[in-house]
Every structure is written in C-alpha cells, then in structure tokens.
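User: I am new to reading protein structures and would like to go through this one slowly, question by question. Could you show it to me before we start?

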Amino acid sequence: MDEATAVPDGPRSPEGRSRGGGDGRVRTGDTGRIEDALTAPLIEAVRDLGGYGGLVYLRSRDRRSLVLAMVTGVPRSLLRTWWRVPVGGALPMAAAYRRGETLWLPDERATMLRFPHFTAGLPYSFGSAYQPVRVGGEPVGVLVVLRSAARSPMDAEAVEPALRPAGQAMEERLTRLAADRAGAGSAASSIEYDDEPVGARLPTPAVHPVRVGLIDWDLDNGRCSADDEALALLGIGRADFGGTIADIEARVSPDDLHELRASRHDALTLGRVGSRHFRVRDDSAGDEEAGYRPVELWGHLGRGGTSSGRILVAALVDAVSGLTAAEAAERLPDGLFSLDQDGRLTYANRRCEELLGGGREALLGRYPWEVITWLRDPAYEDRYRAAMLSQEQVSFLVRHPAGNWLSFVLYPDVHGLTGRVHPTGPPTGAEAAREAGSAAGPVPGAAAAAPPPGPVAAARAGALYHVVQMASVLTQAVTVEDVCRAVSEQLLPAFGVRELALYTVRDGRMYLLWESGYPEGFLTPFEGVTLDTQLPGVHALTTRLPLFFESPEDLSVAYPGITLDRMSAWSFLPLIASGHPVGSCILGWDAPRRFTADERSALTALSGLVAQALERARLYDAESAVARGLQEGLLPHRLPAVEGLRTTGRYLPGTQGMAIGGDWYDVITTGRGVALVIGDVEGHSVGAAAVMGQLRSAVHAFAASERPPQEVIAHTNRHLAELDADVCATCCYIELDPRTGRAFAVRAGHPPPLLRHPDGHAETLDLAGGVMLGVQPDAVYPVTALTLAPGSVLVLYTDGLVEEPGSDIGTGIEEVRRCLADTPADSVDRLADRLVRTARRARERPDDVALLLTAYR
C-alpha cells in the first residue's frame with residue numbers, strides 16, 4: 001500500500017479540500033460536480049428502501065481504498081472511522097465492491113456474524129444494504145443505505161430490485177459526468193475520489209412557513225406604513241389601512257395593547273425593540289367570534305429621511321409555530337431539549353436549564369457532554385450515537401452531582417433528536433448495576449463550564465471505539481507488513497492523521513518500517529539514528545513516554561533546529577511490548593491541534609496495541625523466512641524432461657497467515673512411464689512444509705519402486721498416519737505412459753483434474769476417489785483408467801486455485817475449466833500463467849496455489 005491509501009494527495013486548504021487534482025478527474029476539488037451526480041440518486045435509494053440514511057463510497061486514485069464521498073441522514077462525525085476503508089478489508093462495503101454483488105445485512109446480528117470488525121467500530125442495531133456502483137460495467141464505488149432494524153423485516157430478494165432504479169440513475173449521472181473528463185481514456189477511469197465526504201440533507205417534511213412583514217412607525221406623530229405581508233398578518237386590507245398606529249392597535253387583543261405601546265418606549269430609550277409579543281385578531285376562520293394570532297415585533301430606531309422624525313423600522317413576525325411551541329415547552333414540568341444531527345444543542349427550555357444546572361447560552365451550539373462536566377462520561381455520548389445510528393428511542397439514567405437521579409429519553413429522527421429529562425428515583429436491581437458504571441460522581445463547583453478555545457479532538461466515545469476497532473483488526477494482522485498496513489488504513493482516517501511513520505529499533509538504532517504521507521526523501525536523514533540522538537521519536541522510545549506537540553512553535557522550542565515539514569501538530573508514541581522497546585510511531589496533522597486527555601489516552605492505548613502486534617509479527621516473519629527456505633528446498637527446482645510430454649508447474653503462497661504452505665507437485669519417472677503428482681497438506685506453517693517434504697519423499701520412493709498407483713497412495717496414506725503429525729493431506733496421482741497415452745489415476749480427497757482435448761473443449765474428469773491421506777490407515781483407494789489423445793493437456797491443481805470464501809468450489813472449478821478451454825494451448829507456460837493470473841493478481845489469497853500442466857504430444 002502506498003501513502004495515498006490513507007492520505008489524500010495535494011496540499012490542503014483551510015476548508016479541508018485539496019487544492020490538487022489538476023488533471024480534471026472527478027475527484028478532489030470536483031465535489032460540486034460529484035454532489036450533482038450523487039445526491040438525488042442517494043436520496044432516492046434511501047426512500048425506496050425505507051431507510052434513514054445513505055452513503056456513497058468511491059474508489060481512491062490508487063484503487064486501494066474506498067473513500068466516503070457523500071453522506072445523507074447520518075452525521076459525518078459518527079462515521080469518521082469509515083471515511084476511508086481498504087478495498088481488501090473485511091468490511092461490508094469492501095466486500096460488495098470486490099464481488100460486484102448486492103449485500104444485505106438486516107440487523108446487528110447478521111453484521112456481527114459476517115463482519116465482526118465492522119460491528120466492533122459501530123456496535124449499534126441497524127440494518128444496511130450495499131450495492132456496487134458501476135460505470136461502463138466497471139465497479140467504481142458502493143451505494144449504502146442504512147435502515148432501522150426495528151422496522152418490519154425485508155426479504156433479501158427484495159433489496160436489489162428496490163435499489164436498482166437509484167443505482168441505474170447514479171450510474172447514468174456518473175457516466176455523463178465522467179464522459180466530459182475522460183479524454184482519451186475510459187469514462188470509468190476518471191471516477192475516483194480522495195477528499196472528505198460531502199453531506200446532503202434529506203428532504204424535510206413541510207412545516208408552517210415563517211411569515212415576516214415590515215413596518216415603518218413614526219414615533220412622533222403615530223403615522224405608519226406597512227408592506228402587504230404585514231397587513232395580511234394584521235388582517236387589514238390595503239384599502240382599509242389608514243396609515244396610523246391606531247389602525248394597528250384596533251387589531252391587537254385588548255389584553256396585549258400594553259406590549260405594542262411598550263415597544264415605543266423600548267425604541268426611544270434603548271434604540272431598539274427586542275421580541276415584543278402580542279396577539280392580533282384573526283378573522284380567517286370566518287366565525288362570528290374572532291380568534292387571535294400571536295406575532296412578534298422586532299426593530300431598531302432610525303431617522304425618517306429629510307424629516308427629523310424618529311422612525312421605528314420594525315419586522316412583524318408570525319409566531320404561530322416558533323413562539324407557541326416554545327411557550328408550550330416552557331410550561332411543561334419536564335426538561336426538553338433538541339440536538340442537531342451532529343449532536344449540538346439547538347434548544348433547551350427553562351426547566352432543562354434548571355435540571356442540568358447550565359445556562360442556555362453556554363449550551364446552545366455545543367455538545368452537552370463537553371459543556372456539562374458530569375455528562376462527560378463517554379457512555380452518555382454513546383447513547384446519542386446509539387439513538388442516531390439505530391433511529392430508535394433510547395433512555396438512560398444519570399446521577400447528578402447533587403446526588404439526585406435524572407432520567408433522559410432520546411427521540412431521534414434523521415435531522416437530529418428531541419430529548420426529555422426529568423427527576424426520578426435511584427435505579428434498583430439490574431438497572432442499578434448497569435448504571436453504576438456510568439453514573440457521574442460528585443463534581444465540585446459549577447456544573448457547566450466552557451471548554452478551552454481551539455479545535456476540539458474527536459469525542460471520547462468515538463476514541464474508545466477506535467481502540468476497539470484497531471484491536472480487532474490487529475488480531476488478524478500476521479506479518480509486519482500486515483500490521484503496518486492495518487495501522488495506516490485504520491489509524492489515519494480515524495484521527496484525521498496526514499502523516500505516519502513507524503520505526504523499529506535494532507542494534508541500538510532506529511530504522512523505518514513504514515511511512516505514509518511524507519514528502520519524498522524527508523525521512524532519509526533519520527534512517528539509522530542512534531538512541532542518543534536528540535529527536536522526539538527517539539526520546540519517546542527511550543523515556544517510554546508519549547510526546548504531543550500542538551503547533552510547530554511547540555516542537556521548535558522543545559527541539560531547536562529540528563527539520564519541519566508541512567505538518568502543524570505531532571504525536572510521538574513509544575512502542576513498548578511486554579516491557580521491551582519495539583520502536584516509535586510518529587503521527588502528523590496538517591493543522592494546529594489541541595490534544596484532549598481522551599485523545600491522548602486513546603493514542604497511547606493504540607500504541608501499546610501496535611507494539612504488541614509488531615513484536616508478534618516480527619517473530620512470525622522470522623519463522624516464516626525459515627519456512628519459506630524449507631519449502632523452496634522441498635519443491636522441485638526443475639521438472640524432468642520426458643519424451644512426448646511437456647510439463648510445467650506453478651506455485652503461489654497464500655497472503656493470509658504465514659506465506660508458506662503444504663501444497664506441492666512433482667513429476668517422477670518410473671519403469672512404466674511417468675507419475676504426475678499434486679498434493680496439499682493442511683495448514684500454513686513450518687510443520688505443514690515439513691510434512692509436505694516427507695510426503696513428497698515418500699511418494700517419490702514408492703513410485704520409483706514401480707508399485708501401481710493405488711498402492712503408492714495406500715502406502716503414502718499409511719506413512720502419514722504413522723508420522724503422527726496430526727494433519728491430513730489430499731493427493732492426486734496419475735501414472736501416464738507417454739508412448740500410448742494410457743493413464744491410471746488415483747484421487748485421495750483432492751479436487752478432480754481437468755482435461756483439455758485436442759479440439760479445445762475442456763472437461764472435469766470424473767475420477768473415483770478415496771478419503772484424505774492420514775485419516776484411515778487401512779483405507780483402499782480405487783483407480784480410474786483413462787486415455788489421452790495427442791494434443792491433450794492435463795491440469796492438476798490444489799483447491800487454492802478454485803476456492804474462494806463464501807463461494808462454492810464447483811463454481812471455481814467451472815471458471816478454471818472455461819479459462820482452460822478459451823486459452824490457446826500452443827505453450828504450456830503461457831497457459832499455466834493464464835490459469836493462475838487471477839490468483840496471482842488477488843490482493844488477498846487465503847490459501848496457497850499449486851498447478852501442474854502436462855501436454856501430451
């Protein structure tokens with residue numbers, strides 16, 4: 001993976017948009033056009049599936065990542081961990097992209113079973129659908145719809161048809177968009193994205209429109225002028241308006257006349273009028289008894305042009321929705337509040353202020369869990385995350401610093417949530433145990449305090465999930481490269497990191513393991529520095545203490561003369577595993593950053609996980625190097641030349657786990673002709689390679705003794721059982737007479753061979769089979785006779801060539817058979833390369849692959 005996987009190329013603007021991308025591709029800097037192409041189909045998909053949110057991922061420039069390009073119905077901040085995901089990752093959006101198939105996860109349980117890493121980062125109850133987005137038949141991204149798990153179940157068969165119209169519309173829009181930019185290349189090649197996600201708001205249900213009219217009131221003579229909207233609000237026709245304040249007073253409720261007249265006093269003494277409320281007659285219903293409509297008056301004092309009169313320039317606002325709703329909320333005995341989609345407070349009634357102990361002005365526009373100290377437990381923010389991502393009601397209890405208990409109930413929708421808080425008794429039984437861990441202890445002093453100025457790092461609950469997510473991913477990272485790639489792909493997008501360097505210590509010096517985002521050559525001078533060098537990365541390791549620098553000035557003061565790059569904030573984390581120094585992790589941000597205590601704790605915890613994973617991986621790599629040497633020594637370096645035959649073999653190690661295995665192939669000359677052998681010992685370890693070597697030697701010895709094929713396999717089976725190696729193996733053994741084409745085949749639990757006939761058609765050979773080697777010491781293996789015609793090609797292979805997780809092995813065999821039939825057989829080497837091409841190019845290869853081709857001339 002190169003550095004573009006986790007760090008967008010090009011310098012960053014203050015708004016977070018890259019200023020690069022000058023080649024005109026649909027990516028960084030083209031977000032306006034991307035919005036045009038994605039917004040309407042995304043909203044349509046959410047509506048058609050009955051969802052509450054939607055996402056669109058597009059492939060990155062280097063094709064190694066999927067980058068979140070568009071979000072609707074869900075706060076971007078809640079998805080920060082998933083802004084950039086690896087194409088090869090064990091995540092649902094990556095799986096849908098790789099396989100080109102629609103994926104439906106109806107609830108949290110289904111997600112956990114298939115994608116546990118994803119659930120570790122988003123442990124909430126929701127359903128999700130994933131549909132590949134194509135341009136010209138080529139996948140360029142994934143459309144995602146989130147759906148409440150509480151809604152009525154939806155059949156998996158109905159998901160793809162429901163998403164099809166939106167998917168087709170998105171493809172058409174992207175195709176038109178890309179066609180203008182593709183130049184000489186294909187349209188699909190220009191669809192890529194490397195920027196931050198763009199948010200689109202789901203349509204809001206129609207509400208009562210806000211009406212505003214304008215009034216000019218001469219405070220000295222009582223003359224007024226009003227526009228048509230103001231007169232409509234007052235219920236006065238233009239022809240009936242006499243142009244005086246008396247005409248307006250005649251429409252005001254007698255109980256509220258003082259409010260209107262007091263506004264004159266406000267204007268003369270204060271120079272302005274701030275929200276004077278009164279009611280005016282409303283004759284719209286046509287009843288004999290008139291109703292009244294609430295309005296507000298706002299204004300400021302001015303001068304009347306050439307006259308010396310004092311003029312109140314005022315706005316008359318219809319308060320039917322806002323004012324009456326607020327007044328109704330103020331009368332309730334419970335506290336009411338509203339949070340926007342991102343979790344910031346937009347409204348709180350007076351009772352809410354009293355219960356929370358914080359002023360409304362200090363709370364508005366802020367995260368409650370940041371302002372109110374006793375709500376800073378990450379469990380409380382997590383309730384908000386749960387409500388927004390599940391779109392279900394959430395309730396919980398909180399202990400106030402004064403000792404009393406408060407009950408919170410959250411009612412979410414796609415635009416935010418409304419909350420209710422009221423006093424309650426202490427929890428009992430299981431409820432008490434559940435709440436005990438999240439109850440806030442006594443906090444002295446004021447309950448509300450504004451946090452210090454400056455950028456605020458990720459919220460605590462999000463930081464905790466980053467740790468859980470990283471731990472989950474690192475458990476499956478086997479090699480040092482796996483660990484480095486996992487850190488780069490997961491840590492960088494989760495914390496907004498722009499640069500990453502991982503160093504290891506060896507023989508008292510620091511050496512670079514992995515870097516991402518750095519200018520070319522910038523790290524070269526630091527290669528191999530000793531542990532007494534005055535550098536922050538070295539000091540973090542030797543003192544075993546993390547270092548955080550929130551600005552270039554801070555770093556320059558601490559380390560005068562240190563070379564700086566384009567970054568503006570850094571953390572230097574020691575990598576310590578079981579008390580043993582492993583190396584250092586250096587992270588860089590492109591803007592000054594205030595590291596909160598929560599973020600420092602999360603990064604420090606992550607560094608410990610990374611250190612443990614690296615130490616484990618280094619030991620694994622050392623063992624793997626020994627095993628690879630062993631395996632290379634055991635596989636045939638060249639195949640014997642046999643008159644009338646052309647043979648060639650291929651071996652590809654797996655990419656998951658140790659990169660060696662127990663697959664082997666061989667060509668053995670015998671007194672009756674030649675033996676073609678292929679086998680597979682289970683496992684990927686030094687032990688598997690060693691057993692493979694023993695079996696290959698055993699087969700070679702038994703074949704050289706001119707035993708018939710069934711006896712060779714029977715003796716090999718008994719030999720494996722006697723080894724007591726606690727492993728099984730499969731094998732296919734075919735003895736061929738090159739003079740006549742006659743052959744005798746034995747199969748022990750191995751996939752069936754393929755045969756390409758001289759006319760080009762290929763078939764799967766139906767050979768009788770026996771049990772795997774090592775299972776039953778006295779097993780008998782049947783033999784099958786067959787005849788090869790001149791020009792035929794016999795193909796032996798292991799299951800790594802045809803088997804893919806989640807797919808039927810028969811499907812894989814059929815794909816290889818078709819490829820064998822469609823490829824010219826004039827060269828066995830070119831044919832072998834063609835058969836393993838897909839496996840060779842696969843980024844993730846769960847199993848190793850062995851292939852033996854024999855052309856009979």
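User: In which strand is L214 found?

Analyst: This is a predicted model, and L214 can be located in it by its residue number. Together with V210 and V212, L214 makes a nonpolar surface patch of about 270 Å². The strand that spans residues 212-218 and holds L214 is β8.

User: Which residue stands opposite V795 in β34?

Analyst: To find the partner, it helps to begin with the two strands, β33 (residues 792-797) and β34 (residues 849-856), which run antiparallel and are joined by 6 bridges. Both belong to an open sheet of 5 strands with antiparallel pairing, in the order β24-β34-β33-β29-β30. Within β34, the residue opposite V795 is L853.

User: Which are the edge strands of the open sheet with the order β24-β34-β33-β29-β30?

Analyst: In the order β24-β34-β33-β29-β30 of this open sheet, an edge strand is recognised by pairing on one side only. Neighbouring strands of the sheet are turned by 15° against each other on average, with direction ignored. The edge strands are β24 (645-652) and β30 (762-764).

User: At about what angle to β29 does helix α22 run?

Analyst: Helix α22, which covers residues 809-822, lies across three strands, namely β29 (754-756), β30 and β33. The angle asked for compares the direction of α22 with that of β29, and its value is about 20°.

User: What is the bridge partner of F337 in β14?

Analyst: Strand β13 (residues 335-340) is joined by 6 bridges to the antiparallel strand β17 (residues 416-424), where F337 stands opposite G419. There are also 3 bridges from β13 to β14 (residues 345-348), again in an antiparallel arrangement. In β14, the bridge partner of F337 is A348.

User: Which residue takes a positive phi in the hairpin of β13 and β14?

Analyst: The strands β13 and β14 run antiparallel, and their hairpin has 4 residues between the strands. The residue there with a positive phi near 100° is G343.

User: Why is the pair of F396 and F408 called stacked?

Analyst: A pair of aromatic rings is described by the distance of the centres and the angle of the planes. F396 lies in strand β15 (residues 394-399) and F408 in strand β16 (residues 405-413), 12 residues apart along the chain. Planes under 30 degrees apart count as stacked. The ring centres of F396 and F408 are 5.3 Å apart and their planes are at 5°, so the pair is stacked.

User: How many Å lie between N and O in the salt bridge of D228 and R238?

Analyst: Side chains of opposite charge can pair when their charged atoms come close. Here D228 belongs to helix α6 (residues 228-234), while R238, 10 residues apart from it, belongs to the loop between α6 and α7 (245-249). A search of the whole structure finds 38 salt bridges, and for the one in which the side chains of D228 and R238 meet, the N to O distance is 2.8 Å.

User: Which residue in β23 does A577 stand opposite?

Analyst: Strands β22 (residues 569-577) and β23 (residues 580-589) run antiparallel and are joined by 9 bridges. In the open sheet of 6 strands that contains them, the order is β20-β19-β18-β23-β22-β21. The residue in β23 that stands opposite A577 is H580.

Notes. Residues are numbered from 1 along each chain as its sequence is written. This is a predicted model: local features need pLDDT of at least 70, side-chain atom pairs count only at pLDDT 80 or more; totals for chains, interfaces and linings use all residues. Side-chain values use heavy atoms; hydrogens and water are left out. Two strands pair if DSSP finds at least two bridges between them. Axes are lines fitted to C-alpha atoms, for helices over the stretch in contact, and angles run from 0 to 180 degrees between N-to-C directions. Contact means heavy atoms within 4.5 Å. Patches are made of residues with over 30% relative accessible area and no salt bridge: like charges are joined within 9 Å, nonpolar side chains (Val, Leu, Ile, Met, Phe, Trp, Tyr) within 5 Å. Accessible areas come from the Shrake-Rupley method with a 1.4 Å probe; for residues, only the protein chains shown count as cover. A salt bridge is a side-chain nitrogen of Lys or Arg within 4 Å of a carboxyl oxygen of Asp or Glu. Rings of Phe, Tyr and Trp (its six-membered ring) pair if their centres lie within 6.5 Å; planes under 30 degrees apart count as stacked, over 60 as edge-to-face and the rest as tilted.
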